[in-house]
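Me: I would like to go through this structure at the level of strands, cores and cysteines, one question at a time. Could you keep each answer tied to the model itself?

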Amino acid sequence: MQSLGTTVSVVGGGVGVVTEGVKAGIAGLMSLAAQGSALPTEGGGVFSITFNQDYSSLGVGTRIGYRLYSLSTLDKLELICDNVPAGNEDTCIVERLFSSSLVAVVSLSSPRKLKVCHFKKNSEICNYSYPNTILGVKLNRARLVVCLEESLYIHNIRDMKVLHTIRDTPPNPTGLCALSISNENCFLAYPGSNSIGQVQIFDAQNLQAKIMIPAHDSPLAAISFNASGTKIATASERGTVIRVFSVGEGARLHELRRGMKRCATIFSLAFSPDSLFLCASSNTETVHVFRLEEIKETRPPVVEEQQGLMGWMTKAVSASASYLPTPVADMMSQGRAFATVTLPFQGVRNVCAIATLALPHRIQKQTRVLVASMDGYLYVYSLNTSEGGDCTLIKQHRLDGHEGGPTTGECAGASTATSGPYPGAAKKTEPVHTDGGGGEGTYAGVLRGPAGTVMTEADKMSEMAAACESPPKSVLKFDDVSEFPPV
């Protein structure tokens, strides 16, 4: 794989001190490695599974590399990138930017190092090193956010400069955060407390705090924005109630009850593209789908008053409803699941999504519930958007690379020669860039190709900025549709 020689070190933290949070983060990654190594997939144990921002692609990180799949059709899971043969690197985080060729990768062997790669060109654009373990990475067309246990780094994705650092955040050992994919509402959400369920909303475009939402009494377990960045869904560690808030005012819009009999660990929340549905997966065998349409007040039809015992009981229940304790009244008013998915497993970490997929020999797309599991499978379920009910399993895909093959030739791996040990004892300094001067082994070399004049720093920044436009309009195009048409 070609390395472009751009390296950045983001330094901070105490001198020579390994905090308990760092230990917990590394222990969590090692636990994930142990879980993944025990899985039966032939392509290596699964470390991570993530959908891209619009649920059109799926990234799978394994103990020997990563794979990227296209989810454009229902009948076939198209393998568009298989880094495993050339990788040999334990990938614990893989995040793709929409349907582009830009992918952010973190390996278990270098948990403090983020690599941004162009997998179509078999090249690494740049890499960043951080003072602690990287627990999460989020991308949209304007920002790249790196989440550590007690800090968040906000990069300008056009040139990968650090724009802002949120320091001294409440301990966040799971790396829980969410980044809106909207260009107009570019918001970042992360826990505002580690003891109660507060959500801190940060304006990642204007780099200023926006609002703090008191969402739950227990610490947060999952958060997710809708596509427009106007709503945010939250779940606590208890996992019984899911709430939807307005991002602008912090007002509660919906309160949804997942269940009453038992608590659960919520693994993921996801809005449908039109924000009319919300799905939630957990460590149970059930995925709940809620409909978020506003309830219109309608006048009940006039009926004759019931006589006898039943009529008296109906009146008594109606009259006593206003005297119920607030928690009981709230529980009675909470929304229930519109549809449910029954998985063939429980207790296995998974991620869910609601997407529209093209069906064979049909023009119209259908709404489907997708569940990607750490057992190495992608499950596709039907969703009746009119009547709800039980969702039926339509397709089950393996994620070990045996269905289909790369459709765009060789795929670039994220495997490069790792740098030396991270300097744990370092003072807080500004990021320092190292550039090879514009040769073929540099980012400038990729921008101008194997031959041509040396580009200035301003030219490189301009090219990178244009590459992240939607759609791309520059020499270096990250969009697969325009640069790499399907076979």
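## Strands, cores and cysteines

Reply: In this predicted model, strand E7 and strand E8 (residues 102-107) are paired in the antiparallel sense, over 5 bridges.

Me: Which residue of E8 is the bridge partner of Ile93?

Reply: Ile93 lies within the range of strand E7 (residues 91-96), which is mostly covered, 6 of its 6 residues being buried. Across the pairing, the residue of E8 that serves as bridge partner of Ile93 is Val106.

Me: Which residue takes a positive phi in the hairpin of E7 and E8?

Reply: The hairpin of E7 and E8 has 5 residues between the strands. A positive phi near 50° occurs there, and the residue that takes it is Phe98.

Me: Which strands stand at the edges of the open sheet of 4 strands, each with a single partner strand?

Reply: The sheet runs in the order E11-E12-E13-E14, with antiparallel pairing, and its twist averages 15° from one strand to the next. Strand E12 (residues 143-147) and strand E13 (residues 151-156) pair with each other over 5 bridges. The edge strands have a single partner each, so one side of each is left without a neighbour in the sheet; these are E11 (136-139) and E14 (161-167).

Me: Which strand gives the most to the largest nonpolar core?

Reply: The largest nonpolar core has 40 residues, and those with the most contacts inside it are Ile49, Phe51, Leu58 and Leu378. Among the strands that each supply at least two residues of this core are E3 (46-51), E4 (57-62) and E29 (377-382). The strand that gives the most, with 6 residues, is E27.

Me: How many residues are in the second, separate core?

Reply: This second core is separate from the one just described, and its members include Leu108, Ile125, Cys126 and Tyr130. Its residue count is 24.

Me: How far from Cys147 is the nearest cysteine sulfur?

Reply: Cys147 stands opposite Leu152 in E13, and it counts as buried because its relative accessibility is 1%, where the cut-off is under 20%. A search of the whole structure finds 0 disulfides, and Cys147 is accordingly in none. The nearest cysteine sulfur, that of Cys177, is at a distance of 4.3 Å.

Me: Which cysteine has the sulfur nearest to that of Cys352?

Reply: Cys352 is also buried, with a relative accessible area of 2%. A disulfide requires cysteine sulfur atoms within 2.5 Å, whereas the nearest cysteine sulfur to Cys352 is 3.3 Å away, so Cys352 is in no disulfide. That nearest sulfur belongs to Cys279.

Notes:
Residues are numbered from 1 along each chain as its sequence is written. This is a predicted model: local features need pLDDT of at least 70, side-chain atom pairs count only at pLDDT 80 or more; totals for chains, interfaces and linings use all residues. Side-chain values use heavy atoms; hydrogens and water are left out. Two strands pair if DSSP finds at least two bridges between them. Axes are lines fitted to C-alpha atoms, for helices over the stretch in contact, and angles run from 0 to 180 degrees between N-to-C directions. Buried means under 20% relative accessible area, exposed over 50%, partly exposed in between (1.4 Å probe, protein chains only). A nonpolar core is a set of buried Ala, Val, Leu, Ile, Met, Phe, Trp, Tyr and Cys residues joined through side-chain atoms within 4.5 Å.
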